[in-house]
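This report goes through the fold, the packing and the charged pairs of one protein chain. The sequence and the structure come first.

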Amino acid sequence: MPMPAGTGLDRRTFVARGVGLALAVYGGAALRPQVFDEGIAAAAAAGPQQKVLVSVFLDGGADSLSLLAPTGDPLYRQLRPRLALAEGSGSAFTEDPRLTWHPSLAPLAQLHGEGKVNVIPGIGYDDPNQSHFTSRHYWEVGAADERLATGWLGRYLDRVGRHDNPLQGLSLDWSLQPSLATARMPVAAVDAPDRYDFWARGVWGDVGTRMVETIAKLGELPTHGDPGLKQASEAAKQSARLYEQLAPFRPKDDRKSIVSPVAYPAGDDRFPRRLAGLAAMLAAGLPLRVVALSAPGGYDTHDNQAQGLSDDLKLTADSLLAFQRDLEARGLADRVLVHVWTEFGRRAKENGSGGTDHGAAGAGFLIGSQVSGQMIGEFPGLGKLDEQGNLRATSDFRGLYRAILEDWLGTDAAAIIPGAQKFARPRILR
């Protein structure tokens, strides 16, 4: 099993370890503190015009035949006597009368009705691999190649990014999302903008303030040519500067620092909180270009699928709708494209444990005010399953990446996706 893309890349961890926070810069060997301020300022100046891609991963292989259930296919209830959606439980998918939205995806159905969602009902690749690790790796690196160690979005940043802007590739997570793994440009991982702080046991108040000031001064100390001291010095200086950059997001007097114009799903789940923080970062003009995070829950539903899948889909869809409305309220919606993906779909026939096993083609979505709002590819039907009883792909994920790179991000996909010209580029925008 190949390791996730980016494993083993040099990393410099910022001095920011505490409850609910983590920030690291990966691949930033050329990031010099003396140009950090002006680099952030220059990138931020272009921020309001910069298009942003947000990648949302459904970890575990989401069941596409539940997300968009083929209730109009006569084989559906034969293959899924227990898992089949009840009649009338979801809204009809207007572009293909055979398909029905899962009830928990009603928010996406609503956005689709507004022309703000592209649905891809059968996306995958030839000779599908049913290993979570291998298939996910393919999607993350943008090629069916186990040897690649940089992510497709990382290679995009290597081509167009800056050496002085780690926020250009933001992983809203505890660690690096592999699709962002670069070879040359710095990228960052942070739990959420309002969770970035310095913490030390028994230190707070004025002493805490002096601690932060001292960390900043560590970056000014002479290193006498020692590479280790130089790296530590740069990390300290960059950490202090990012502490200042994210200062507006830190809670004060137990009040929320991120106030959204719309309501996000309540509770303690990180996903809606991270999306709310992302919208606030975009509104603040921070120089983001590509952002990656994982949706809540686990989609490896071998057993007891019905309830678990329903709950996870609802939180995911409710949060994505709130994020879209948040962007619209802030006047940012035309700048942001959200790509929702999963490493594969599930077997068409349910198993004996109330679940489904690993499959092949799955479903994906593009969400945003600038999408075409039309289905990409087609639903292949249950009468033409592959030899293992899996859904066949009618769209290749590399063709979708080509369209995102060329039509949304405005760069040459051939320089990023191996053999990009071999894959049909779907129309994704208006």
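The protein chain holds eleven helices and twelve strands. The model is a predicted one. Of the chain's 430 residues, 58% count as buried. Where contacts join residues at least 6 apart in sequence, 73% of them are between residues at least 24 apart. The accessible surface amounts to about 17700 Å², and carbon and sulfur atoms account for 50% of that.

**Nonpolar cores**

The largest nonpolar core has 73 residues, and the members that touch the most others are Val54, Val56, Trp101, Phe323, Val338 and Phe365. When neighbours within four places in sequence are set aside, Val56 contacts Phe271, Leu293, Ala295, Leu320, Val338, His339, Val340 and Trp341. Another core, of 36 residues, lies apart from the largest one; Tyr125, Leu157, Ala403 and Ala420 are among its members.

**Helix 6**

Helix 6 spans residues 152-160 and is mostly covered, with seven of its nine residues buried. The buried ones are Trp152, Leu153, Gly154, Arg155, Tyr156, Leu157 and Asp158. Helices in contact with these buried residues are helix 5 (132-141) and helix 11 (397-408). The buried residues of helix 6 also pack against strand 3 (52-57), strand 7 (169-172), strand 8 (187-190) and strand 9 (290-294).

**Salt bridges**

Side chains of opposite charge can pair when their charged atoms come close. The whole structure contains 20 salt bridges. Three of the pairs are listed here with their N to O distances.

| Pair | N to O distance |
|---|---|
| Arg136 and Glu140 | 2.4 Å |
| Arg147 and Asp145 | 3.1 Å |
| Asp191 and Arg273 | 3.6 Å |

Arg136 and Glu140 both belong to helix 5 and sit four residues apart, about one turn of the helix. Arg136 is partly exposed, at a relative accessible area of 22%, while Glu140 is buried, at 2%.

How exposed or buried are the partners Arg147 and Asp145? Arg147 has a relative accessibility of 73%, so it counts as exposed. Asp145 has 19%, which is under the 20% limit, and therefore counts as buried.

Asp191 and Arg273 form a salt bridge that links distant parts of the chain, 82 residues apart. Asp191 lies in the loop between strand 8 and helix 7 (205-218), and Arg273 lies in helix 9 (residues 270-283). Asp191 is buried at 0% relative accessibility, whereas Arg273 is partly exposed at 22%.

Salt bridges also link Glu114, Lys116, Arg325 and Glu328 into a network.

Note on methods: Residues are numbered from 1 along each chain as its sequence is written. This is a predicted model: local features need pLDDT of at least 70, side-chain atom pairs count only at pLDDT 80 or more; totals for chains, interfaces and linings use all residues. Side-chain values use heavy atoms; hydrogens and water are left out. Buried means under 20% relative accessible area, exposed over 50%, partly exposed in between (1.4 Å probe, protein chains only). Helices (H or I, at least four residues) and strands (E, at least two) are DSSP runs, numbered from the N terminus. Contact means heavy atoms within 4.5 Å. A nonpolar core is a set of buried Ala, Val, Leu, Ile, Met, Phe, Trp, Tyr and Cys residues joined through side-chain atoms within 4.5 Å. Accessible areas come from the Shrake-Rupley method with a 1.4 Å probe; for residues, only the protein chains shown count as cover. A salt bridge is a side-chain nitrogen of Lys or Arg within 4 Å of a carboxyl oxygen of Asp or Glu.
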